[in-house]
Amino acid sequence: MRKKLLVVAIAVICLSMAAYGTIAYFTADDIATNVVTAGNVDVTLKETAIPAEGGEPVPFEDVIGVMPGTEVSKIVEVENTGDNEAYIRVRVEKEIALAEGVTGEADTSLISLNVDTQNWVEKDGYFYYTKPLSAGEITAPLFTTVTFEAGMENLYQNSKATIRVFAQAVQSDNNGADVMAATGWPAE
């Protein structure tokens with residue numbers, strides 16, 4: 001009987017150890033959350049002018065009373081206000097609205113801009129800045145003056161000339177070898 005009792009006791013101990021062994025595993029659990037934030041591209045168009053009396057550039061304001069043969073200060077630059085390097089392009093539209101009651105064909109070629117052809121390249125109606133612009137940087141001026149040709153006739157008296165400037169940017173990283181090869185420009 002002792003032998004039976006000993007066998008039963010050993011069996012109970014083995015069974016309890018087997019049950020204890022299956023319950024005694026250590027466990028661990030972990031979740032990794034990785035946030036990837038996309039970069040951004042943003043620009044601000046800067047239009048300034050040198051006052052007639054000279055000095056530092058001030059914000060550009062409309063000019064009244066311009067006569068033929070006059071050169072007006074208008075400095076156009078683009079600032080990269082985004083966080084990433086970008087390619088820049090600018091489109092310029094010139095328009096002349098003749099005075100009320102005046103008929104004729106206005107010739108916008110009588111208004112000229114002194115475009116910087118060293119830092120900007122013209123193609124397909126846009127001026128492209130030739131190098132990528134880092135965050136916080138400002139382009140060299142696209143132009144600094146607007147000239148009204150001396151040959152403007154009476155047709156242009158009391159007319160209004162408008163120069164509209166539109167700036168666009170796209171990422172430069174992984175986007176072509178240079179600004180002329182870049183893709184993804186904003187649609188107009």
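The dialogue below walks through the fold, one sheet, the salt bridges and one buried residue of a predicted model.

Visitor: Before I look at single residues, how many helices and strands does the secondary structure of the protein come to, and in what pattern do they follow along the sequence?

Guide: The secondary structure comes to 1 helix and 9 strands, and, read along the sequence, the pattern is α-β-β-β-β-β-β-β-β-β, with the helix ahead of the strands. As for contacts, among those with a separation of 6 or more, 75% join residues that are 24 or more positions apart.

Visitor: What share of the residues is buried, and how much area does the protein expose?

Guide: Of the 188 residues in the protein, 28% are buried, while the exposed area is about 13000 Å², of which carbon and sulfur atoms supply 54%.

Visitor: How should I read a sheet, and in what order do the strands of the open sheet stand here?

Guide: In general, the strands of a sheet pair through backbone hydrogen bonds, and the pairing may be parallel or antiparallel. In this model, 4 strands form an open sheet in the order β6-β7-β4-β9, with antiparallel pairing. The edges are taken by β6 (120-123) and β9 (160-171), each of which has a single partner strand, so one side of each is left without a neighbour in the sheet. Neighbouring strands of this sheet are turned by 25° against each other on average, when direction is ignored.

Visitor: Over how many bridges do β4 and β7 pair, and which residue of β7 is the bridge partner of Arg 89?

Guide: Strand β4, residues 86-97, pairs with strand β7, residues 126-129, over 2 bridges in the antiparallel sense, and the partner of Arg 89 in β7 is Tyr 128.

Visitor: Turning to side chains, how do I recognise a salt bridge, and how many does a search of the whole structure find?

Guide: One looks for a side-chain nitrogen of Lys or Arg within 4 Å of a carboxyl oxygen of Asp or Glu, and by that criterion the whole structure holds 4 salt bridges. One of them joins Lys 74 and Glu 47, with 3.0 Å from N to O. Lys 74 lies in strand β3 (residues 71-80) and Glu 47 in strand β1 (residues 43-49), so this pair ties together parts that are 27 residues apart in sequence. Lys 74 is buried, with a relative accessible area of 6%, whereas Glu 47 is partly exposed at 28%.

Visitor: Which residue forms a salt bridge with Glu 95, and which strands does that pair link?

Guide: The partner of Glu 95 is Arg 164, and their closest N and O atoms are 3.0 Å apart. This pair links distant parts of the chain, since Glu 95 belongs to strand β4 and Arg 164 to strand β9, 69 residues apart. Glu 95 is partly exposed at 36% relative accessibility, and Arg 164 is also partly exposed, at 33%. Another salt bridge brings together the side chains of Arg 91 and Glu 93, at 2.2 Å from N to O; here Arg 91 counts as buried at 16%, while Glu 93 is partly exposed at 31%.

Visitor: To finish with a single position, is Thr 145 buried or exposed, and which residues does Thr 145 touch?

Guide: The cut-off for a buried residue is a relative accessible area under 20%, and Thr 145, at 14%, counts as buried. Thr 145 lies in strand β8, residues 143-148. Leaving aside residues up to four places away in sequence, Thr 145 touches Glu 71, Val 72, Lys 74, Ser 112, Leu 113 and Asn 114. The Lys 74 in that list is the residue whose side chain meets Glu 47 in a salt bridge.

How values were computed. Residues numbered from 1 in each chain as written. Predicted model: local features only at pLDDT ≥ 70, side-chain atom pairs only at ≥ 80, totals over all residues. Heavy atoms only, no water. Pairing = 2+ DSSP bridges. Axes fitted to C-alpha atoms, helices over the stretch in contact; angles between N-to-C directions. Buried < 20%, exposed > 50% of the residue type's maximum accessible area, 1.4 Å probe, protein only. Contact = heavy atoms within 4.5 Å. Areas by Shrake-Rupley, 256 points an atom, 1.4 Å probe, with all protein chains shown as cover.
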